[in-house]
Amino acid sequence: MYRVLIADDDDGVREILRIQVERLGYTVLAEARNGREAVDLANLHHPDLAILDIRMPVMDGIDAANEILETAPCAVIFLTAYAEEDMIARAGESGAFYYLVKPFRSEELPPAITLSMARFHQYQEARRLLDKAKQDLADRKTIERAKGMLMQLHGLSEQDAFSRIHFAARSKNKTTVAIAEEVISTGSIPS
């Protein structure tokens with residue numbers, strides 16, 4: 001069951017959305033009248049999905065979505081009464097996972113939710129893989145730097161320098177990166 005945040009400056013639209021979302025068996029956690037309120041409520045409740053009107057007072061839905069994706073990531077569906085090309089492009093750049101033009105039919109909401117949740121999960125996995133690749137690269141650089149220091153300070157071959165780091169990691173039950181960081185800070189293999 002998804003937990004949903006709804007944000008629209010029109011009370012009637014919020015009510016219709018709430019009824020439709022609840023009929024689908026999902027929980028409406030909160031309702032906002034503007035983008036700033038939507039961001040605050042997303043940070044408080046951490047919804048699975050935010051349905052945001054693009055044009056709202058205080059902060060528009062696109063800026064709200066950008067902030068929500070940074071602070072309380074969730075799937076985002078945009079609503080708008082305007083099908084302007086530049087607005088659609090800006091919405092897409094913000095990380096929107098689906099876009100509905102008002103007035104939308106109730107049968108459009110289930111596939112919008114399903115697709116936006118699937119796209120959000122793909123986005124999360126891609127982001128996780130990117131973060132892992134960045135960390136792996138940083139770790140590799142740390143190990144290479146430590147090997148270089150050992151080679152220079154102690155006249156070791158590259159293989160011997162790595163072997164010493166690796167052996168120290170195993171004997172101290174630490175990661176290779178942790179030992180490499182100690183080598184960098186002290187200039188020698190920790191005893």
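Start by selecting Ile-77 in strand 4 and looking across to strand 5 of this predicted model, where the residue standing opposite Ile-77 is Tyr-98. Widen the selection to the two strands themselves, and you will find that strand 4 and strand 5 run parallel and are joined by four bridges.

Keep Ile-77 highlighted and turn to its other neighbour, for Ile-51 also stands opposite Ile-77. This brings strand 3 into view, which pairs with strand 4 (residues 75-80) in the parallel sense over five bridges. From Ile-51 you can step on once more, since Ile-6 has Ile-51 as its bridge partner in strand 3, and the strand reached in this way, strand 1 (residues 3-7), runs parallel to strand 3 and is joined to it by four bridges.

Now show the whole sheet. Its five strands follow the order 2-1-3-4-5, with parallel pairing throughout an open arrangement. At its edges lie strand 2 (27-32) and strand 5 (98-101), each of which pairs on one side only. If you look along the sheet from strand to strand, the twist averages 20° from one to the next.

Return to strand 3 and colour its residues by burial. How many of the residues in strand 3 (residues 49-53) are buried? Five of the five are, and the strand is accordingly described as mostly covered. Show the side chains and compare the two faces: Leu-49, Ile-51 and Asp-53 lie on one side, Ala-50 and Leu-52 on the other, and both sets are buried.

Next, add the helices that accompany these strands. Select helix 3 (residues 61-71) together with strand 3 and strand 4, and you have a β-α-β unit that is right-handed. Then select helix 1 (residues 11-23), which lies across strand 1, strand 2, strand 3 and strand 4 and runs at about 170° to strand 2. Helix 2 also packs on the sheet, where it touches strand 1, strand 2 and strand 3, and its direction makes about 145° with that of strand 2.

Two loop residues deserve a separate stop, and their backbone angles are the thing to inspect. Most residues other than glycine have a negative phi. Between helix 2 (35-45) and strand 3, select His-46 in the loop; although His-46 is not a glycine, its phi is positive, at about 50°. Is His-46 buried, partly exposed or exposed? With a relative accessible area of 42%, His-46 is partly exposed. Then move to Asn-173, in the loop between helix 6 (158-171) and helix 7 (176-186), where phi is again positive in a residue other than glycine, near 55°. Asn-173 is exposed, its relative accessible area being 73%.

Finally, zoom out until the whole chain is visible. Its secondary structure consists of seven helices and five strands, and from the N terminus on, the elements run β-α-β-α-β-α-β-α-β-α-α-α. The radius of gyration is 25 Å, well over the 16 Å that the globule rule gives for 191 residues, so the chain is more spread out than a compact globule. Measured out along the principal axes, the box filled by the C-alpha atoms is roughly 75 × 35 × 25 Å. Of the 191 residues, 39% are buried, and the accessible surface comes to about 10500 Å², with 52% of it belonging to carbon and sulfur atoms. As a last view, display the contacts with a separation of 6 or more: 58% of them are between residues 24 or more positions apart.

Methods:
Residues numbered from 1 in each chain as written. Predicted model: local features only at pLDDT ≥ 70, side-chain atom pairs only at ≥ 80, totals over all residues. Heavy atoms only, no water. Buried < 20%, exposed > 50% of the residue type's maximum accessible area, 1.4 Å probe, protein only. Pairing = 2+ DSSP bridges. Right-handed = clockwise from strand over helix to strand, strands pointing away. Rg over C-alpha atoms; globule rule 2.2 N^0.38 Å. Contact = heavy atoms within 4.5 Å. Areas by Shrake-Rupley, 256 points an atom, 1.4 Å probe, with all protein chains shown as cover. Axes fitted to C-alpha atoms, helices over the stretch in contact; angles between N-to-C directions.
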